[in-house]
Every structure is written in structure tokens, then in C-alpha cells.
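Visitor: Hello! I am new to this structure and would love a close look at one part of it. Could you show it to me before I ask?

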Amino acid sequence: MEVYTMVSSYQNRLTTIKDQDKSIAFVPTMGALHSGHLELMKTARGKADLVVASIFVNPTQFNEESDLVNYPKPLDHDIHLLENNQVDILFLPTTTEVYPPGIDLSMQLNFGNLTTVMEGEHRPGHFEGVVMVVHRLLDIIQPDYLIMGQKDLQQMTIIQSMIQQLDLSVALVGHSIVREASGLARSSRNTRISDELRPTAPILYKTLQWASESKPRLSPEEITTTAMQRLKEAGFVPEYFTIADADSLMPIQHWRETDKPVACVAAWLGDVRLIDNMRLYEARVDA
Ligand code: AMP
């Protein structure tokens, strides 16, 4: 695996990639890799000639300093995993490479409510940081495909909107949520859950499943209220449990054929903040 820490050296390499007309699938990460990330690498492999992954713990998307400081950074292990999973190129920049002094990263974009609900409401400034870093990384890496996980559903929706607004020539490919056998969505933050609270963690997924099963009997509001209560009783401190439309991300009040309801949740378990979501509609498969 080739590793580039500088934008200029990656861009030298990019010249030969483009000269050889090779396509690139790009998987941005913040490291602390788990099998969810590796599934994204596998999808990338199937899409393009070359797989480029990045590891960059982006400071501008952390709204709490302690989360940034405590974010796990097992770099040697990560590099080993990428090498063993047929990643061709790792982009591993410093903060100064991504945000060199004097660079103008301002953009005139309008996300409407996409950035103000759910994660946007509870993590002020988070999506501004995500949009800034993904835009900068796309500008550096120049991929044909961008692979992202549906675990961060709101992030994917916002990045898709950014791609459309800026008319970027990259195709966003979403990957379904990778879970542990218990149902818990894989996350770099899971390693920080204490042994004592570990058995509680899958209740987040089980509550989403309960919401899905309850759709024929209960209104969105009844599900939301009961789900919040269930999570509190289990020992979580939930920030939100919302049934939102997958496209607009606005809360759904009544079940309607035209909506694409997704149950989305964020909850603290001890000092670890977990998010998850589950689609409550059948995906239409186009012929
Ligand atoms: P992160 O390193 O947490 O920023 O995640 C990098 C990418 O991996 C993002 O597109 C995430 O949505 C995706 N990802 C993280 N965990 C999972 C998971 N359990 N299933 C699917 N995708 C995931």
C-alpha cells in the first residue's frame, strides 16, 4: 500500500493515475477502523480500479474538545488492516496539509433543514466541519466514487446535497449499516463502552427493531415517546429518537405512502455517544 502524508506527493501520483485512465473509489475515515469500515473498502474495490482510503481525525467536526482528545487513534493497527484489505493508497495528512494557512474554504451552500435537525441540533457546527473536510478531501483525491456508510444517514444526505449544489463529478455510494451479532452498529466509539454497560448497548438496536415492528399499530408520535422511555429505562440518556423522512430528514407526524420513514436515534451510554437508524419502509428496487 502506498501512503501519502502530503497533498503535493499524492497529487504527483494522481497525475499518473489520470494518465492511465484509472478510476478511483474513495473511503474517507477518521481511523480506529473496524469491520464496518472494511466493508466500505470492499464495496470500493468492486467499483473502481484503485481504492484510496484516508485517515484524518478532522478537528473542525468535533463540537466537544473531550471527544476529539478521547477519539481512539490506533494508527499502526489501522495501517495493517488497510494493507490486508487490498487498499491501494492511504492518504494520511496532518491538519496543516488539509487546512494550510490562508486557504479559503468558504462555500455558498444552502442545506435548508438538513443541517439543523437531529445531529445538527445536538452537535452545533458538526456538519459545517464535515462538509468542509469532505469537500477539501474530494478536491485533493479527485475520486470517481465516494463511499459512505448509512450509519451516518444525515451526513450522507448532506454530502449528496453538497455534490448536487456544487455539481461535482463524483458518485456517492451508500453502504448499509454493519452490525455486531448483538445488533449493535459497529463504531469506533464502541471500544470506549465500559464492560459494565456493554450488555446494555444492543438495546439501542432492539428499540429501533421494536419501532419497526410497531409501525402497523402505533403513530410516529406514540413510537417516539415510548422509544425514548424504553431507552431511559434501559440506562441510556437519549438525545433524540425521531421518525424522519429519509429525503427531507423532517419529522413525520402521520404515516403516508409517499414518505420514506427512518427511525433515527442518538443516545449516551455512560460517556459514549451512540447513533443508529433503521429504515421503516421497503426500498423500491428499480427495474
Ligand atoms: P468514521 O471513521 O466514523 O468517520 O466513518 C467513516 C465511514 O465509515 C463513514 O462513511 C461512516 O458512515 C462509515 N461507517 C462507520 N461505521 C459504520 C457501520 N457500522 N456500518 C456502515 N458504515 C459505517
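Visitor: What distance separates the centres of domain 1 and domain 2, taken over C-alpha atoms? Please take a close look at how these two parts sit together, and at some residues within them.

Guide: Happy to! Please keep in mind that this is a predicted model. The centres of domain 1 and domain 2, taken over C-alpha atoms, are 26 Å apart. Where the two meet, domain 1 brings 23 residues to the contact and domain 2 brings 20 residues. Domain 1 covers residues 2–175, and domain 2 covers 188–279.

Let us step back for a moment to see the whole protein around them. Its secondary structure consists of ten helices and nine strands. The C-alpha atoms fit in a box of roughly 60 × 45 × 40 Å along the principal axes. For 287 residues, a compact globule would be expected to have a radius of gyration near 19 Å, and the protein agrees because its own value is 19 Å. Of those 287 residues, 51% count as buried. The chain also folds back on itself: among contacts with a separation of 6 or more, 72% join residues 24 or more positions apart.

The outside is worth a glance too. About 14200 Å² of the protein is exposed, and carbon and sulfur atoms supply 48% of that area. As for charge, there are 25 positive and 37 negative side chains, with the centres of the two sets 4 Å apart.

Now for the close look, starting with Ala25. You will find Ala25 in strand E2, which spans residues 24–29. Ala25 has a relative accessible area of 0%, so this residue is buried, the cut-off being under 20%. Who surrounds Ala25? Leaving out residues up to four places away in sequence, Ala25 touches Ala44, Lys47, Ala48, Leu50, Val51, Val52, Tyr145 and Ile147. Gly46 is 21 residues from Ala25 along the chain, and their C-alpha atoms are separated by 8.9 Å.

Further along is Gln142, in the loop between helix H7 (126–141) and strand E5 (145–149). Gln142 counts as partly exposed because its relative accessibility is 35%. Its backbone deserves attention as well: the phi of Gln142 is near 55°, a positive value in a residue other than glycine. Most residues other than glycine have a negative phi.

Asp167 also has a phi near 55°, positive although the residue is not glycine. Look for Asp167 in the loop between helix H8 (153–166) and strand E6. With a relative accessible area of 67%, Asp167 is exposed.

Next comes Thr200, in the loop that runs between strand E6 (171–175) and helix H9 (203–214). Thr200 is buried, as its relative accessible area is 14%. Setting aside neighbours within four places in sequence, Thr200 is in contact with Ala234, Phe236 and Leu269.

Our last stop is Ser219, in the loop between H9 and helix H10 (220–234). A relative accessibility of 27% makes Ser219 partly exposed. From Ser219 to Gln150, 69 residues apart along the chain, the separation between C-alpha atoms is 25 Å.

To retrace our walk, we began with two domains whose centres are 26 Å apart, paused at buried Ala25 and exposed Asp167, and finished at partly exposed Ser219.

How values were computed:
Residues are numbered from 1 along each chain as its sequence is written. This is a predicted model: local features need pLDDT of at least 70, side-chain atom pairs count only at pLDDT 80 or more; totals for chains, interfaces and linings use all residues. Side-chain values use heavy atoms; hydrogens and water are left out. Helices (H or I, at least four residues) and strands (E, at least two) are DSSP runs, numbered from the N terminus. The radius of gyration is taken over C-alpha atoms; the globule rule is 2.2 Å times the number of residues to the power 0.38. Buried means under 20% relative accessible area, exposed over 50%, partly exposed in between (1.4 Å probe, protein chains only). Contact means heavy atoms within 4.5 Å. Accessible areas come from the Shrake-Rupley method with a 1.4 Å probe; for residues, only the protein chains shown count as cover. Lys and Arg count as positive and Asp and Glu as negative; His and the chain ends are not counted. The place of a charge is taken as NZ of Lys, CZ of Arg, CG of Asp or CD of Glu. Domain bounds come from an automatic or database domain assignment.
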